[in-house]
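Please walk me through this structure. I would like the reasoning along with the values.

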Amino acid sequence: MFPFSHSSTLIIQRAIAQSKISLVVFSKGYASSAWCLDELVKIAERRRVCGQVVLLVFYDVDPSHVRKQSAAFLQAFGRHEEEAGTDEKKARVKRWREALTDVANLGGKVLENEADGHESKFIQEIVKQISSKLNHTVLNVASHPVGIDARVKNINLWIQDGQVD
């Protein structure tokens, strides 16, 4: 487990809440990280409540192992459940399981760990997919803005010597 501070966790939780898209990369060791599973709970919540887009990558892991929490995922959850002594911790593990099942049922892209350069093409595909899902709003800027000259002059003065009229 990574040593993240409480403030780091809050920053990440806020970033998830403000994101339009979440990209989750499942690997064999994913379920071993309580931190990753807590993030996944937040992502699943944002998807359910706000319709946040969630894209999945199954990196060198079988999607059914994630969905059914078998293989490495079964072992990781076994350890989490052994360590969950209090009812509060047991409820946390339950939320992890539910979020994992919920999100994994969405399906996603599978990438086998290969050394043939396929990963870079795979990443390019993901970037294209994310770009296509984002709303590209073009801002309309007037051809001849009125009243901006005085503001530009003030900014230039401020940059030069720190004084503004």
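Gln52 counts as buried, because its relative accessibility is 6%, under the 20% cut-off. The model is a predicted one. Gln52 sits in the loop between H2 and E2. What does the side chain of Gln52 reach at 2.7 Å? That partner is the backbone oxygen of Ser19. The side chain of Gln52 also makes a polar contact with the side chain of Ser22, at 2.9 Å. Leaving aside residues up to four places away in sequence, Gln52 touches Ile16, Ser19, Lys20, Ile21, Ser22, Ile43, Arg46 and Arg47. Both polar partners, Ser19 and Ser22, appear in that list.

Next come the aromatic rings. A pair of them is described by the distance of the centres and the angle of the planes. How many aromatic pairs does a search of the whole structure find? There are two. Phe26 and Tyr30 form an edge-to-face pair, with centres 4.9 Å apart and 75 degrees between the planes. Phe26 has 0% relative accessibility, so Phe26 counts as buried. Tyr30 is at 9%, so Tyr30 counts as buried too. Phe26 also pairs with Phe58. This pair is stacked: the centres are 5.5 Å apart, and the planes differ by 25 degrees. Phe26 belongs to strand E1 and Phe58 to strand E2, so the pair ties together parts that lie 32 residues apart in sequence. Phe58 is buried, as is Phe26. Through these ring pairs, Phe26, Tyr30 and Phe58 are linked into a cluster.

Now turn to helix H5, residues 87–104. Does its span agree or disagree with its length? At 1.5 Å a residue, its 18 residues should span 26 Å, and the end C-alpha atoms are 26 Å apart, so the two agree. Which residues of H5 are buried? They are Val93, Trp96, Ala99, Leu100, Val103 and Ala104. Seen down the axis of H5, these buried residues fall within an arc of 125 degrees, so they line one face of the helix. On the other side of H5, the exposed residues are Asp87, Glu88 and Lys94.

What do the buried residues of H5 pack against? Their partners are two strands, E1 (21–26) and E2 (53–59), and three helices, H2 (34–50), H3 (63–68) and H4 (72–83). Strands E1 and E2 thus return here: they hold Phe26 and Phe58 of the stacked pair, and the buried residues of H5 pack against both strands.

Methods. Residues numbered from 1 in each chain as written. Predicted model: local features only at pLDDT ≥ 70, side-chain atom pairs only at ≥ 80, totals over all residues. Heavy atoms only, no water. Helix = DSSP H or I, 4+ residues; strand = E, 2+ residues; numbered from the N terminus. Expected span 1.5 Å × (residues − 1). Buried < 20%, exposed > 50% of the residue type's maximum accessible area, 1.4 Å probe, protein only. Arc of directions from axis to C-beta. Contact = heavy atoms within 4.5 Å. Polar contact = N/O pair within 3.5 Å; in protein donor to acceptor, adjacent residues only side chain to side chain. Phe/Tyr/Trp six-rings, centres within 6.5 Å; stacked < 30°, edge-to-face > 60°.
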